Every structure is written in structure tokens, then in C-alpha cells.
Amino acid sequence: MAMRATTAALAAAAAAPRGGFLRLFSTTSTSSSFPFPQTTQQTPAREQAEPNTNLFVSGLSKRTTSEGLREAFSKFGEVVQARVVTDRVSGYSKGFGFVKYATLEDAAEGIKGMDGQFLDGWVIFAEYARPRQPPSEPQNNTGMGLWKQRY
């Protein structure tokens, strides 16, 4: 008899309408129960860098090495240099790197061939690298700057 009661209780719970809690996390409904206004505008995409022979590669696995990066990209042209940026302390990949090709055409082929592909089990993204920003003026962290300004 106890088994029948338990089965009936489970059936009743399954048939009962789900509460508002699950509705808060639902992605299928177009209307939201959150009080936040819904916006349809998307954030603007980052502007594309000018074509050059240096590629920025992101989404790399922690196990990806510079040699592995060179090997993967060399299928699409002559790779001059491939470097995975690593953490100074642990030595593991920070998840991005750079590949430098000999020509612009090779670089374009490298992007076309590797962007959105799997490397070491991770989907990677390749795009033209942006030029490095010039370093800003160094900050003096002694605290004397504020003192001099006030007095």
C-alpha cells in the first residue's frame, strides 16, 4: 500500500504545473518575468585589424605548445614564427598565441583554414593581430603625487 501512495505522489508532482522558479531560468519564452527591460540591440563587433602577416590565435588549450601551433598552421603556408603565450610561473598556456606568416596570402589562408577549427580538443579562433599599443607613461605609486597636488 505504501508503494501505491509513493507512486501516486510522484505522478501528482509530475502533473502539477511548474512554479515560477523554473520560469526564471527558462530560455524558451520570449517574455521574461524579470523586471529588467529586454533589449534587442547587440554589442558592436570589434573592428577588424588591417591584414598583416601576424595572426592572433585565441581559444588555445593549456596543452597547446608553440610547436603544435606551428605544425597546425604550417599546412596553410610558410610559418615564420609561432608562439604560445605562457604564464611566467606555471609555464602553462594563457590560451592565446601568435603565428607569423611569410606573406599576406599565406596569412589569409591560415585564417580561412584554422578559424573555428579544433586544435588539441578546443575550438580556436584566428584573426589578424592588432598592432601593439604604445606604452603609457609609468605611474608613480609612492602616493606623493596626490600629496603634491593638494598642497
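Ser58 sits in strand β1. That is where I'll start. One caveat up front: this is a predicted model.

So, Ser58: buried or exposed? Buried, at a relative accessible area of 19%. The cut-off for buried is under 20%, so at 19% Ser58 counts as buried. What does Ser58 touch, apart from neighbours within four places in sequence? Gly95, Phe96, Val123, Ile124 and Phe125. One of those is a bridge partner: Ser58 pairs with Phe96 in β3.

Now look at what β1 does on either side. With β3, β1 pairs in the antiparallel sense, over five bridges. With β6, β1 also pairs in the antiparallel sense, over four bridges. An example from that second pairing is Val57, whose bridge partner in β6 is Ala126.

Step back to the sheet. Four strands make it up, and it is open. The order is β2-β3-β1-β6, with antiparallel pairing. Which strands stand at the edges? β2 and β6. Each has a single partner strand, so one side of each has no neighbour in the sheet. On average, neighbouring strands are turned by 20° against each other, ignoring direction.

Next, β2 and β3. They pair in the antiparallel sense over six bridges. Two positions to find on screen: Gln81 stands opposite Lys100 in β3, and Ala82 has Val99 in β3 as its bridge partner. The hairpin of these two strands has six residues between them. Within that hairpin, Gly91 takes a positive phi near 80°.

Now the helices that lie on these strands. α3 lies across β1, β2, β3 and β6. Against β2, α3 runs at about 140°. α4 lies across β1, β3 and β6. Its angle to β6 is about 150°.

Stay with α3. Which of its residues are buried? Leu69, Ala72 and Phe73. Viewed down the helix axis, these buried residues fall within an arc of 90°, so they line one face of α3. That buried set packs against β1, β2, β3, α4, β4 and β6; β4 here is residues 118-119. Turn the helix around. The face away from the buried side carries Glu67 and Glu71, both exposed.

Ser66 is in α3 too. Its relative accessibility is 22%, so Ser66 counts as partly exposed. Compare the numbers for the two serines: Ser58 at 19% is buried, and Ser66 at 22% is partly exposed. The line between those classes is 20%. So don't read much into the labels alone; look at the contacts.

For Ser66, leaving out neighbours within four places in sequence, those contacts are Ala82, Arg83 and Val84. What does the side chain of Ser66 reach? The backbone nitrogen of Val84, at 3.0 Å. Ser66 can also be placed relative to Ser93. The two are 27 residues apart in sequence, and 9.5 Å apart in space, C-alpha to C-alpha.

On to the core. The largest nonpolar core has 19 residues. Which have the most contacts inside it? Leu55, Leu69, Phe73 and Val99. Six elements each supply at least two core residues. They are β1 (54-58), α3 (66-73), β2 (79-86), β3 (93-101), α4 (104-114) and β6 (125-128).

Several of these names have come up already. Leu69 and Phe73 are buried residues of α3. Val99 is the bridge partner of Ala82.

Leu55 deserves its own stop. Beyond neighbours within four places in sequence, Leu55 is in contact with Phe73, Gly97, Phe98, Val99, Tyr101, Ala107, Gly110, Ile111, Glu127, Tyr128 and Ala129. Find Phe73 and Val99 in that list. Both are also among the core residues with the most contacts.

Last, the whole chain. How many helices and strands are there? Five helices and six strands. From the N terminus, the elements run α-α-β-α-β-β-α-β-β-β-α. The protein chain has 151 residues, and 21% of them count as buried. And the contacts? Take those between residues at least 6 apart in sequence: 59% join residues at least 24 apart.

To recap: an open four-strand sheet, ordered β2-β3-β1-β6. α3 and α4 each lie across strands of it. And there is a nonpolar core of 19 residues, to which both helices and all four of those strands contribute.

Technical notes
Residues are numbered from 1 along each chain as its sequence is written. This is a predicted model: local features need pLDDT of at least 70, side-chain atom pairs count only at pLDDT 80 or more; totals for chains, interfaces and linings use all residues. Side-chain values use heavy atoms; hydrogens and water are left out. A nonpolar core is a set of buried Ala, Val, Leu, Ile, Met, Phe, Trp, Tyr and Cys residues joined through side-chain atoms within 4.5 Å. Buried means under 20% relative accessible area, exposed over 50%, partly exposed in between (1.4 Å probe, protein chains only). Contact means heavy atoms within 4.5 Å. A polar contact is a pair of N or O atoms within 3.5 Å; within protein, one must be able to donate a hydrogen and the other to accept it, and residues adjacent in sequence count only if both atoms are side-chain atoms. Two strands pair if DSSP finds at least two bridges between them. Axes are lines fitted to C-alpha atoms, for helices over the stretch in contact, and angles run from 0 to 180 degrees between N-to-C directions. The arc is that of the directions from the helix axis to the C-beta atoms.
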